[in-house]
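Hi,

Here is the structure I said I would pass on. Have a look at it first, and then read my notes underneath.

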Amino acid sequence: MNFASYGFAAFLAVTVVLYYSVLRRFQWQLLLAASVVFYAFSGWGNLVFISVTVVTTYITGVKIQGIPKTGENKPKRRRLLICCMVLNFGILAVVKFLDAAAPNFVLTLGISFYTFQTMGYIIDCYRGKEAERRFFRFALFAMFFPQLIQGPISRHGDLSATLYGPHKFNPQNFAEGATRVLWGFFKKLVIADRLLPAVGTLTEDPQAFGGVYVLLAIFLYAITLYADFTGGIDITIGIARGLGIRVKENFDMPFYSKNIAEYWRRWHITMGTWFKDYLFYPISTSKPMLRFMKFVKRTCGDYAGRRAPVYACTLILWFLTGLWHGMTWNFVAWGLANGIAIIISQELTPLYNRFHRRFGLKGTRGWNAFEVFRMFWIMNFIRSFDIYEGVGETFKAWGSIVARPNISGFSLLGLGPDTADYVVAAIGVAMMILTGVVMRRMKTKEIPPFRHFAICAGLAFVIVVFGAYGFGYDATSFIYNQF
Amino acid sequence: MEKLIKIMDTVRSGVDYMAHTALIDDGVLDSFDIVSLIAELSDAYDIQIPAEEIVPENFNSAALLQAMINRLADNP
């Protein structure tokens, strides 16, 4: 079930009404039932996949907790953990591999997200955190419908604090949630869905749209992806908020980042922290890696020894992050490009420091703007592996920017959207930027519910008038649904 | 504590480790520093620092680090 569909709107309305009508101790059971219904609508086969993950993870969690964490029991606990992870990551790998071979044939909705969420949970259990002993409560943690299809990837400790209620109807929560949901739809329907056809046209035929059009394609894709993904997350967080449930933020204005490491701390935050906590640190501080560090220090000196294991782990991490997005060479190249860019950025740091000591530009408004601009375009180029058909096509597209810029024949028209679409999307982007700045300044300042409802009415009006939906449009799925 | 501060200085110098209480939250130590620090601490104190201990609550200050080291040394 797509968030941007009438079916979902009806489903959500019924769920919310029932949620606040039933006895409060039954609220979480109702949410579980709603989550099962939501998932069943995406296909009964999907329910089988997620059920396997829920059952195996639940049983493993309880079993691990039942074994004391003492020395002689360690192998037993580790065996259980490994079995559960091999099974579930195995399912994910097979599904992803088959999807790469025959797109949309077997890909189950949100499998990357719920697999990572449940595997994070089981690793936490292994590390000593308390397992959820009640099966249906655990099932709700794994299947909570607003975050099932595109995250965020929640931690059990965070989500369970508010997931099971009870929740009395709170006008403030409801108003904040409704505003956030409509803001998400605004980003999706007014910005992303208006510009997406242009991205499709520009990347389908890179021969016809080389040169300056490549810059346009990756620029529009940056806006579209941001509006689409953050819009989806806004809807998720907003729905949860309306139900009294707190879900972690997944973005922190990433396009204001000044370097690539900072960008990845602010974009898809829950995925980044997942990889850092469950992969990067365990590998980079493992005994073999520490031995490798000492070996490099002995043979190549302190500088190389300090960097070698971190760089090796950075490349492993980004290779796997690429595979998480899809088992294609495009995503492998995308992942490695990110890893290499981070390493280059790290290696250039002393040079930048010398430059700043010499010229004293660091922290000035102009230099900050330059760094943000530079970061935006570096990420746009890396992201272009995501939109062209193959890695070769991506490099050819880059080459065409220099080889045949074609600036004189440039036109925005004829790419799908018309002038009105571009104007509406541009105003939408301006509103998105402005709102981001205002929200950052307001920080935690609370807006009273009546003002929220006024904002909701305004947003609903704008979406109805300017949204890309209804006759002549086909609201596309959220881009991250495919992961 | 003196031994720890010396080790921290070799990993990243120029930081007032006695005063700073948000080494991770403020981005004073990055992932390179943390991995190097763990390698040095493992050697110096003959301890193993498991991944679940690598959290800001243990790395935000020298005092917190010392507490973690003592705990891991007492309960290997």
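By contact I mean heavy atoms within 4.5 Å of each other. Please keep in mind throughout that this is a predicted model.

Let me start with the interface. On that definition, 17 residues of chain B are in contact with 17 residues of chain A. The two chains bury about 1,500 Å² between them, and carbon and sulfur atoms account for 63% of that area. Which three residues supply the most of what chain B buries against chain A? The trio is B:Phe32, B:Val35 and B:Glu52, with 40% of chain B's buried area, more than any other three residues.

On the polar side, the rule picks out four salt bridges across the interface of chain B and chain A. There is one between B:Glu40 and A:Lys297, where the closest N and O atoms are 2.8 Å apart. Four residue pairs are also in polar contact across this interface, with both partners at pLDDT 80 or more. If you want to know where to look on chain B, go to helix H2 (residues 31–45): it gives eleven residues, the largest share of the side that touches chain A. By class, that side of chain B consists of eight nonpolar, four polar and five charged residues.

Now for the salt bridges in general. Searching the whole structure gives 21 of them over all chains. One to pull up is A:Glu249 with A:Arg180, at 2.9 Å from N to O. A:Glu249 sits in the loop between helix H9 (212–242) and helix H10 (260–266) of chain A, while A:Arg180 belongs to helix H8 (residues 171–204) of chain A, so this pair ties together parts that are 69 residues apart in sequence.

The loop between H9 and H10 of chain A also holds A:Met253. This residue has a positive phi of about 45 degrees, although it is not a glycine. Another backbone feature to check is the cis peptide bond joining A:Gly151 and A:Pro152, with omega at about 5 degrees. You will find A:Pro152 in the loop between helix H6 (135–143) and helix H7 (156–163) of chain A.

Last, the cavities. How many of 30 Å³ or more does the structure hold? There are two. The second largest has about 40 Å³ of space. Its lining includes A:Pro254, A:Phe255, A:Tyr256, A:Ser257 and A:Tyr263, along with A:Val372, A:Met375, A:Phe376 and A:Met379. Helix H15 (residues 365–383) of chain A provides four residues, the largest share of that lining. Sorted by class, the lining of the second largest cavity has eight nonpolar residues, one polar and no charged ones.

Cheers

Definitions and conventions:
Residues numbered from 1 in each chain as written. Chains lettered and ligands numbered in written order. Predicted model: local features only at pLDDT ≥ 70, side-chain atom pairs only at ≥ 80, totals over all residues. Heavy atoms only, no water. Buried area = accessible area lost by both parts, 1.4 Å probe. Salt bridge = Lys/Arg side-chain N within 4 Å of Asp/Glu carboxyl O. Polar contact = N/O pair within 3.5 Å; in protein donor to acceptor, adjacent residues only side chain to side chain. Helix = DSSP H or I, 4+ residues; strand = E, 2+ residues; numbered from the N terminus. Nonpolar A, V, L, I, M, F, W, Y, C, P; charged D, E, K, R; others polar. 1 Å grid on protein atoms, 1.4 Å probe; cavity = no way out; pocket = protein on both sides within 12 Å on 5 of 7 lines; lining within 4 Å. Points joined across faces, edges and corners; volume = space filled by probe spheres on them.
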